[in-house]
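Welcome! Have a look at the chain below, then work through the exercises with the model at hand.

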Amino acid sequence: MLTLPRITVEVPVLGIGSAPSDYDELGTLVDALRRRQGLHLTLLHVGVLEDFSRDVEDWTSGITSSAVATRRVVAWLEALPVLAAFTGRADKLIVLGGGNVSGLEVEVPEHVHEFQVLLVRALHELLDDLLVDNVDDFILSSRALGFRYPRWTPHVAVGRPKTRTREPLRIEPLTIDFGSSRIRNHQFLPASGAR
């Protein structure tokens, strides 16, 4: 069965700590430690584009078709500003979502929080343009978007929790270098959203 890619706005992790062993030591605290390549911090989760567009069509009772939603979302994604590279810091591991993921909670500069707020505002404007009423309700109920919590917690998922406890686990502080923001799975978007 083909798994459709999820679309997110993210920043890639370029480095953790001062040596590779700094990250590898997390393997004593989590199961199935993820490879360093591919680690990222999600700024905004859009989800599977087809699912998101279908959610819009359903919510608007067909006033905005799935095809129109797809074209506008792609154009919107391609027009988003880019967040420049930055450095963050982590000193604890947290359990995320339903308890199956362990992540580094990252302290990020204030301008990163402001950028994430800008993305959420831009999403609201996009949904208004798509004729979605009760935008906040849509965001919280859309299966594609997957928003469950009103507050954004910057984090980098690194593995699975070793224990069932949901309490944060203090670790030696780690510096984390992030690259510029990008659209994850951009290559799977339709060629142009401008049509």
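**Exercise 1. Find the buried residues of helix H4 and work out how they are arranged.**

Step 1. The buried residues of H4 are Val112, Phe115, Gln116, Leu119, Ala122, Leu123, Leu126 and Leu127. Here "buried" means under 20% relative accessible area, "exposed" means over 50% and "partly exposed" is in between, with a 1.4 Å probe and protein chains only. Helices (H or I, at least four residues) and strands (E, at least two) are DSSP runs, numbered from the N terminus.

Step 2. Looking down the axis of H4, these buried residues fall within an arc of 140°, so they line one face of the helix. The arc is that of the directions from the helix axis to the C-beta atoms.

Step 3. Glu110, Arg121 and Glu125, on the other side of H4, are exposed.

Step 4. The cover over the buried residues of H4 includes strand E1 (6-16), strand E3 (40-48), helix H2 (49-59), helix H3 (66-79), E4 and helix H5 (135-141). A contact is a pair of heavy atoms within 4.5 Å.

A note before going on: this is a predicted model, in which local features need pLDDT of at least 70 and side-chain atom pairs count only at pLDDT 80 or more, while totals for chains, interfaces and linings use all residues. Residues are numbered from 1 along each chain as its sequence is written, and side-chain values use heavy atoms, leaving out hydrogens and water.

**Exercise 2. Check the length of H4, then see what follows the helix.**

Step 1. H4 covers residues 110-129, and its 20 residues should span 28 Å at 1.5 Å a residue. The expected span is 1.5 Å times one less than the number of residues.

Step 2. The end C-alpha atoms of H4 are 29 Å apart, which agrees.

Step 3. After H4 comes Leu131, with a positive phi near 70°.

**Exercise 3. Which residues of H2 are buried, and what do they pack against?**

Step 1. Leu49, Phe52, Ser53, Asp55 and Val56 are the buried residues of H2. Their arc around the axis is only 155°, which puts them on the same side of H2.

Step 2. Their packing partners are E1, E3, H3, H4 and H5.

Step 3. Just after H2, Ser61 has a positive phi of about 55°.

**Exercise 4. Do the same for H3.**

Step 1. H3 has 14 residues and reaches 20 Å from its first C-alpha to its last, close to the 20 Å expected.

Step 2. Ala69, Thr70, Val73, Val74, Trp76 and Leu77 are buried in H3. They cover an arc of only 165° around the axis, which puts them on the same side of H3.

Step 3. These buried residues pack against E1, E3, H2, H4 and E8.

**Exercise 5. Trace the contacts of Thr8 and Ile183.**

Step 1. Thr8 sits in strand E1 and is buried, with a relative accessible area of 5%.

Step 2. Leaving aside residues up to four places away in sequence, Thr8 touches Thr42, Leu44, His45, Val46, Arg182, Ile183 and Arg184.

Step 3. Ile183 belongs to strand E8 (residues 182-184) and is buried too, at a relative accessible area of 17%.

Step 4. With the same sequence neighbours left aside, Ile183 touches Ile7, Thr8, Val9, Leu77, Leu80 and Leu189.

Step 5. Although Ile183 and Glu10 are 173 residues apart along the chain, their C-alpha atoms are separated by 6.4 Å.
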